[in-house]
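Colleague: Got a minute to go through this one with me? Let's start with the pocket.

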Amino acid sequence: MLTGEYRCTVDVKGRMNFPARFRDEVGLRFVVARWLDHALSVMPEDRFDAMIGELTAKQPVKARGLKRFFYSGATVVEPDKQGRILLPQALREYAGIEKDAVVIGVGDKAEIWSADNWQAQNESFDAEEIAAMMEDMEL
């Protein structure tokens with residue numbers, strides 16, 4: 001299970017240190033892809049393919065656009081000896097990542113956010129709204 005929050009810096013070449021704890025969970029090769037809320041998702045290749053397969057099996061017509069969105073905005077990465085990964089320019093632009101990034105654990109995957117977007121996301125959390133969502137989900 002991926003949990004926690006880690007602050008990282010992206011260098012001028014687009015490299016960032018991906019947290020060792022997360023590297024242990026996602027493996028030596030993994031997918032970084034566009035995700036919701038202008039964040040990037042990080043998951044093992046097989047999990048990424050399984051997710052797309054599930055979408056296609058459930059709603060083949062609707063899945064066309066999702067497949068285009070996810071696969072065209074995805075890259076397979078392998079951390080170097082220092083644990084750095086390369087985030088392509090297109091993914092950095094999508095997520096609004098210039099220099100400061102935040103990597104968070106979200107259970108079965110990780111997400112990479114621009115530090116500014118993550119701060120705005122955190123500021124938008126409202127305890128009463130979260131409680132209401134939990135109640136709606138019968139948690």
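**Pocket and buried arginines**

Modeller: Trp 35, Leu 36, Asp 37, Ala 39, Ile 104, Gly 105, Val 106, Glu 111, Trp 113, Trp 118, Gln 121 and Phe 125 line the largest pocket. A pocket is an open set of points on a 1 Å grid over the protein atoms alone, where a 1.4 Å probe fits, with protein on both sides within 12 Å along at least five of seven lines; lining residues have an atom within 4 Å of a point.

Colleague: Which elements give two or more residues to the lining?

Modeller: Those are β7 (100-105), β8 (110-114) and α5 (115-124). Helices (H or I, at least four residues) and strands (E, at least two) are DSSP runs, numbered from the N terminus.

Colleague: What should I know about the source?

Modeller: This is a predicted model: local features need pLDDT of at least 70, side-chain atom pairs count only at pLDDT 80 or more, and totals for chains, interfaces and linings use all residues. Residues are numbered from 1 along each chain as its sequence is written, and side-chain values use heavy atoms, with hydrogens and water left out.

Colleague: New topic. Where does Arg 34 lie?

Modeller: In strand β3, residues 30-34. Arg 34 is buried (under 20% relative accessible area, 1.4 Å probe, protein chains only). Arg 34 has no salt bridge (a side-chain nitrogen of Lys or Arg within 4 Å of a carboxyl oxygen of Asp or Glu).

Colleague: How far is the nearest side chain of opposite charge?

Modeller: Glu 93 is 9.7 Å away. The backbone oxygen of Phe 69 lies 2.6 Å from a polar atom of the Arg 34 side chain.

Colleague: And Arg 92, buried or exposed?

Modeller: Buried, with no salt bridge; Glu 93 is 6.9 Å away. Arg 92 sits in helix α4, residues 89-95.

Definitions and conventions
Buried < 20%, exposed > 50% of the residue type's maximum accessible area, 1.4 Å probe, protein only. Lys, Arg positive; Asp, Glu negative; His and termini not counted. Polar contact = N/O pair within 3.5 Å; in protein donor to acceptor, adjacent residues only side chain to side chain.
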